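Reader: I'm new to this one. Can you take me through the helices and then the pockets?

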Amino acid sequence: MGAGVADSLIARFTKHLPDGTIVRGDLEIPLSGPSVHVLFGPSGCGKTTFLRCLAGLEAPESGSIRFADETWLDVDHRVFVSPQRRDVGFVFQDYALFPHLSVAGNVGFGASGRTAAERGALVRELLERFDLTGLAGRSPGTLSGGQKQRVALARALARRPRLLLLDEPLSALDAGAREGIRLELRRWLKRADVPVLLVTHDRSEALALGDSLVVMFDGAIRQSGPVLEVFNRPLDADVARIVGTETIVPGRIVGRRDGLASVEIGTTRLTALAPELETRDVIVCIRGEDVTIQSSEGSNASVRNRLKARVVAVHPGSPMIRVDLDAGFPLVASITRPAAEELGIRPGIEIFALVKAPAVHLISRLA
C-alpha cells in the first residue's frame with residue numbers, strides 16, 4: 001500500500017480455536033494517516049479472533065506481529081508484549097461500559113495513570129469531541145445505544161492509543177439506529193486521528209465507514225485494497241459472494257479485440273473488458289446496481305450489452321428492489337421503487353437489461 005515497514009502494522013500469525021477453526025493472519029496496513037481499515041467477512045470467519053490477537057487478548061501459536069518498529073509478538077523468539085503495553089484502544093460489540101461509573105467516570109477510566117489535572121482536561125476534551133458534555137453525569141443504563149457507543153469510543157481514545165480496534169461497533173443497535181448513525185461514526189473515527197481497524201459483516205457499514213477493505217473467509221484473508229476496488233473487482237468467486245455480487249455465473253471467452261472480450265454464457269454472449277490473464281474459462285460477475293432495466297432495447301451506443309430478458313421474481317426491499325431475470329442465464333438487477341413502478345415490473349413480463357462492458361468483471365476459474 002505504499003507505506004514502509006517502519007510505518008506499517010504487519011501481522012502474520014496462526015491461531016487455532018477450540019472448534020478446530022484456524023485463523024491465519026496475513027495483513028499489512030499503513031499507519032501513516034488516520035485511515036479506517038474494515039475487516040469484512042461472514043460471521044464466524046475469524047474476524048474477532050484476529051482483532052483480539054492484535055490487541056494481545058489472544059496468543060497465536062506461531063508467527064509475529066509488528067507495529068511500526070516494535071515487535072508485539074514473535075513466537076519463535078518467545079516475544080509477547082502485554083495488551084497494556086501495546087497502547088491499543090478496543091471497543092467491544094456490547095461496549096462493556098462500567099455500570100457503576102458515570103459517563104465522565106467511564107471516559108476517565110481510560111485515562112488512568114495521568115495526574116488528576118491531566119485526566120480532567122482529557123476527559124473534558126473527549127466529552128466535547130464526542131458531543132457528550134451534557135451527559136457527563138449520567139449512568140450508562142440511562143443512555144441510548146448511540147450514546148453508549150460514543151462513550152465507549154471516548155473511553156478507548158482516553159488512553160491515547162496508537163491503534164483503535166472496533167468489533168462490530170453497530171451490532172448492538174437496532175436496524176433503524178444503525179442506518180442513522182453510520183455517517184456519524186465515520187465522522188467520529190476521523191476525529192480520532194488514529195489508525196482504525198474495524199470488524200463488520202455488514203456490506204453497508206463497510207462501504208460507509210472504510211477507506212480500505214480486508215476480506216476474510218474461512219479464517220484467512222483473501223483480498224485487501226480500497227473499498228470500491230475490492231467490491232467492484234473481487235479476486236475470486238468466494239470474495240465476489242462475500243461482497244454481495246448478485247450475478248456470479250461461469251462463462252467462456254470466445255474472442256478478444258481492442259481490449260474487449262466476447263464471453264459466452266450458455267446461449268448468451270456478453271462484451272466485457274478483457275482480463276490480463278490469457279484464460280478462456282472465467283467466472284462472470286455483475287453487480288445488481290450495474291444492470292439497467294428498460295421496456296425497449298434503446299439506442300445508447302455506450303452500452304454494449306443489451307439483453308432481452310424475462311422477469312422471474314421481484315423482491316421488494318429498502319431502498320432498492322431486487323429483480324431476478326432470465327437473460328439466457330440468471331441475472332439480477334437492483335432498481336429503485338419508482339423505476340419498478342414506472343416500468344410495471346412483475347413476474348412474467350419481458351424487458352431489456354442493459355449492462356456496460358466495464359461492469360462485467362471476469363475472474364479466471366483457476367483463481
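Author: A definition before the helices: a crossing is right-handed if the near helix is turned clockwise from the far one by less than a right angle, and left-handed if anticlockwise. Also, this is a predicted model.

Reader: OK. In which hand does helix 4 pass helix 5?

Author: Helix 4 passes helix 5 in a right-handed crossing. The two pack at an angle of about 145°, and their axes are 10 Å apart.

Reader: Which residues make that contact?

Author: On helix 4 they are Leu-122, Leu-126 and Arg-129. Helix 5 brings Ala-154, Leu-157 and Ala-158. By class, that contact has 5 nonpolar residues, no polar ones and 1 charged.

Reader: And helix 3 with helix 4, at what angle do they pack?

Author: Helix 3, residues 103–110, packs against helix 4, residues 116–129, at about 120°, with the axes 9 Å apart. That angle makes helix 3 oblique to helix 4.

Reader: Why oblique?

Author: Because angles of 65 to 115 degrees count as roughly perpendicular and those over 145 as roughly antiparallel, an angle of about 120° is left as oblique. The crossing of helix 3 past helix 4 is right-handed.

Reader: Which residues touch there?

Author: Val-103, Ala-104, Val-107 and Gly-108 come from helix 3, and Arg-119, Val-123, Leu-126 and Leu-127 from helix 4. Sorted by class, this contact of helix 3 with helix 4 has 6 nonpolar, 1 polar and 1 charged residues. Leu-126 of helix 4 is in the contact with helix 3 and also in the contact with helix 5.

Reader: Pockets now. How much space lies in the largest pocket?

Author: About 650 Å³. It is lined by 19 residues, and the closest to its centre are Arg-203, Ser-204, Ser-318, Pro-319 and Met-320.

Reader: Which elements give two or more residues to that lining?

Author: Helix 6 (175–192), helix 7 (203–209), strand 18 (320–326) and strand 19 (330–336). The lining residues of the largest pocket divide into 6 nonpolar, 5 polar and 8 charged.

Reader: What volume has the second largest pocket?

Author: About 500 Å³. Its lining has 17 residues, with Val-88, Gly-89, Phe-90, Phe-109 and Arg-159 nearest the centre.

Reader: Which element gives the most to that lining?

Author: Strand 7, with 3 residues. Helix 2, strand 7, helix 3 and helix 5 each supply at least two.

Reader: And how does the lining of the second largest pocket divide by class?

Author: Into 10 nonpolar, 4 polar and 3 charged residues.

Technical notes:
Residues numbered from 1 in each chain as written. Predicted model: local features only at pLDDT ≥ 70, side-chain atom pairs only at ≥ 80, totals over all residues. Heavy atoms only, no water. Axes fitted to C-alpha atoms, helices over the stretch in contact; angles between N-to-C directions. Helix = DSSP H or I, 4+ residues; strand = E, 2+ residues; numbered from the N terminus. Parallel < 35°, antiparallel > 145°, perpendicular 65-115°, else oblique. Contact = heavy atoms within 4.5 Å. Nonpolar A, V, L, I, M, F, W, Y, C, P; charged D, E, K, R; others polar. 1 Å grid on protein atoms, 1.4 Å probe; cavity = no way out; pocket = protein on both sides within 12 Å on 5 of 7 lines; lining within 4 Å. Points joined across faces, edges and corners; volume = space filled by probe spheres on them.
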